[in-house]
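Visitor: I have a model to look at and many terms to learn. Could you show me the structure and explain the labels as we go?

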Amino acid sequence: IIVRPALIPSARIAEQVSSAPVPTPVRMPTAAMEITEAAKSGDGTIVNVGIRTTGTFKCQDCAQKFDTEKAKQLHWKFIHDPNRLQEE
């Protein structure tokens with residue numbers, strides 16, 4: 001097998017990468033971040049990390065709880081609905 005250097009794209013890719021502008025770092029605000037109660041999750045245990053355990057409306061398929069029926073319905077639609085189109 002003969003490999004011709006013109007057919008190897010790595011040189012062109014390296015050239016494009018090295019000439020790409022370097023993004024400037026994003027600075028985080030120095031003020032304290034305000035997190036609403038609705039955005040908080042867990043109860044301090046490892047088992048419930050990332051699971052909202054407070055709320056009136058419980059999802060029928062998982063342990064998540066929500067403050068409104070609409071929030072629970074949206075959660076179910078985007079997380080559990082088997083008829084929702086899934087991209088691969």
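Guide: Start with a definition. Buried means under 20% relative accessible area, exposed means over 50%, and partly exposed lies in between. Keep in mind that this is a predicted model.

Visitor: Why does Glu69 count as partly exposed?

Guide: Glu69 has 31% relative accessibility. Partly exposed is the range between under 20% and over 50%. Therefore Glu69 counts as partly exposed.

Visitor: What makes Lys72 and Glu69 a salt bridge?

Guide: The closest N and O atoms of Lys72 and Glu69 are 3.4 Å apart. The cut-off for a salt bridge is 4 Å, from a side-chain nitrogen of Lys or Arg to a carboxyl oxygen of Asp or Glu. So the pair of Lys72 and Glu69 qualifies.

Visitor: Why are Lys72 and Glu69 separated by about one helical turn?

Guide: Because they are three residues apart in helix α2.

Visitor: How many salt bridges does the structure hold?

Guide: Three. Another one joins Glu37 and Lys40, with the closest N and O atoms 3.1 Å apart. That value is within 4 Å, so the label fits.

Visitor: Are Glu37 and Lys40 buried or exposed?

Guide: Glu37 has 56% relative accessibility. That is over 50%, so Glu37 counts as exposed. Lys40 comes to 40%. That lies between the two limits, so Lys40 is partly exposed.

Visitor: What makes Arg52 and Asp67 a salt bridge?

Guide: Their side chains meet at 3.3 Å, N to O. The pair links distant parts of the chain, with Arg52 in the loop between α1 and β1 and Asp67 in the loop between β2 (65-66) and α2. Arg52 and Asp67 are 15 residues apart.

Visitor: Why is Arg52 called buried?

Guide: Arg52 has a relative accessible area of 10%. Buried means under 20%, so Arg52 is buried. Its partner Asp67 has 44% relative accessibility and counts as partly exposed.

Visitor: How do you know that Phe66 is buried?

Guide: Phe66 has 13% relative accessibility. The limit is under 20%, so Phe66 counts as buried. Phe66 is found in strand β2. Beyond its neighbours within four places in sequence, Phe66 is in contact with several residues, including Arg52, Phe57, Lys72 and His75. Phe66 and Arg52 are 14 residues apart in sequence, yet 7.4 Å apart in space, C-alpha to C-alpha.

Visitor: And why is His75 called buried?

Guide: His75 lies in helix α2 (residues 69-79). Its relative accessible area is 13%. That is under 20%, so His75 is buried.

Visitor: What makes His75 and His80 a polar contact?

Guide: The two side chains are joined at 3.2 Å. The cut-off for such N or O atoms is 3.5 Å, with one able to donate a hydrogen and the other to accept it. So the term fits His75 and His80. Among the other residues that His75 touches are Cys59, Cys62 and Gln64.

Visitor: Which residues make the nonpolar surface patch?

Guide: Met28, Met33 and Ile35 make a patch of about 370 Å². Ile35 sits in the loop between α1 (10-19) and β1 (57-58). Patch residues need over 30% relative accessible area. Ile35 has 47%, so Ile35 passes that limit.

Visitor: What pattern does the protein chain follow?

Guide: Read along the sequence, the pattern is α-β-β-α. Buried residues make up 9% of the 88 residues.

Methods. Residues numbered from 1 in each chain as written. Predicted model: local features only at pLDDT ≥ 70, side-chain atom pairs only at ≥ 80, totals over all residues. Heavy atoms only, no water. Patch = residues over 30% accessible without salt bridge, like charges linked within 9 Å, V, L, I, M, F, W, Y side chains within 5 Å. Areas by Shrake-Rupley, 256 points an atom, 1.4 Å probe, with all protein chains shown as cover. Helix = DSSP H or I, 4+ residues; strand = E, 2+ residues; numbered from the N terminus. Buried < 20%, exposed > 50% of the residue type's maximum accessible area, 1.4 Å probe, protein only. Contact = heavy atoms within 4.5 Å.
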